[in-house]
Amino acid sequence: MVRLFVPPERLREGTALLSRGDAAYLGKVLRLSPGAPLELFDGSGGRYDAVVEVLREDGGELRLVGSRREDAAAARPALELWQGLAKGEKLEWIVQKAAELGASAIVPLACRRSVLRLDAERAGSRLARWRKVAAEAARQCGRADVPDVAAPRDVAALCAR
């Protein structure tokens, strides 16, 4: 069964609106056509059975035919991973595996001896990438929720929590 992450703000009464990228993925990569079934998840525990209605260049629509709620917090213990910033694509891999293993949150740590240093612009783009990796890992492993990936923090801020 094909699974797709759709943020809650794109779910309307009986319809899910697709972004340009999601419509291209379903139509060009997976070669789905109208009437094809798939499963959606909204990242907060909602699962939806859907059918492809329309796929266009600028987006698309899915018809929701059923829904169920999964209480992700009750299903597993809350596990928050505090991970030091790693260079290269290592942190993406760590985010992916943490999501697959059931972490509820991932917090990148800017440590004193971290090799990777992020300015505000790079931190924003990396954070968006890490969140996308977490959503894709949740889709792949069958989770209905997506772990929260926080902005990089320093150790003192986390200890104050």
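How many residues does helix H4 have, and how far does it reach from its first C-alpha to its last? Helix H4, spanning residues 120-141, has 22 residues and reaches 32 Å between these atoms, close to the 32 Å expected at 1.5 Å a residue; the expected span is 1.5 Å times one less than the number of residues. Helices (H or I, at least four residues) and strands (E, at least two) are DSSP runs, numbered from the N terminus.

The structure is a predicted model, in which local features need pLDDT of at least 70 and side-chain atom pairs count only at pLDDT 80 or more, whereas totals for chains, interfaces and linings use all residues. Residues are numbered from 1 along each chain as its sequence is written, and side-chain values use heavy atoms, with hydrogens and water left out.

The secondary structure of the protein comprises five helices and ten strands. Along the principal axes, the C-alpha atoms fill a box of roughly 55 × 35 × 25 Å. Of the 161 residues, 38% are buried, where buried means under 20% relative accessible area, exposed over 50%, and partly exposed in between (1.4 Å probe, protein chains only). Among contacts (heavy atoms within 4.5 Å) with a separation of 6 or more, 64% involve residues 24 or more positions apart. The accessible surface amounts to about 9300 Å², and 52% of this belongs to carbon and sulfur atoms; areas were computed by the Shrake-Rupley method with a 1.4 Å probe, and for residues only the protein chains shown count as cover.

Helix H4 contributes a series of buried residues, namely Ala-123, Leu-127, Trp-130, Val-133, Ala-134, Ala-135, Ala-137, Ala-138 and Arg-139. An α-helix has 3.6 residues a turn, so residues three or four places apart point the same way. The cover over the buried residues of H4 includes helices H1 (20-29) and H3 (90-101), together with strands E1 (3-5), E4 (37-41), E8 (105-110) and E9 (148-149). Just after H4, Gly-142 adopts a positive phi of about 90 degrees.

Six strands form an open sheet of mixed pairing, in the order E1-E4-E5-E6-E3-E2. Its edge strands are E1 and E2 (11-12), each of which pairs on one side only. Two strands are taken to pair if DSSP finds at least two bridges between them. E1 and E4 pair in the parallel sense over three bridges; within this pairing, Leu-4 has Leu-40 of E4 as its bridge partner, and Phe-5 is partnered by Phe-41. Because four of its five residues are buried, E4 is largely enclosed by the rest of the structure. E4 is also joined by five bridges to E5 (residues 46-56), and these two strands run antiparallel. Here Leu-38 has Ala-50 of E5 as its bridge partner. E4 and E5 form a hairpin with four residues between them, and Gly-43 in the turn has a positive phi of about 90 degrees.

Towards the other edge of the sheet, E2 and E3 run antiparallel and are joined by two bridges, with Leu-11 opposite Ala-16 in E3. Two residues lie between the strands of this hairpin, in which Gly-14 takes a positive phi near 80 degrees. The side chains of E3 (residues 15-18) alternate: Ala-16 and Leu-18 point to one face and are buried, while Thr-15 and Leu-17 point to the other and are not. E3 is further joined by four bridges to E6 (residues 59-69), again in an antiparallel arrangement; the bridge partner of Leu-18 in E6 is Gly-60.

Which residues are in contact with Ala-23, leaving aside its neighbours within four places in sequence? Ala-23, situated in helix H1, is in contact with Leu-18, Lys-28, Leu-55, Arg-56, Gly-59 and Gly-60. Ala-23 counts as buried because its relative accessibility is 3%. The C-alpha atoms of Ala-23 and Asp-148, 125 residues apart along the chain, are separated by 25 Å.

In the loop between H1 and E4 lies Arg-31, which has a positive phi of about 55 degrees although it is not a glycine. With a relative accessible area of 69%, Arg-31 is exposed.
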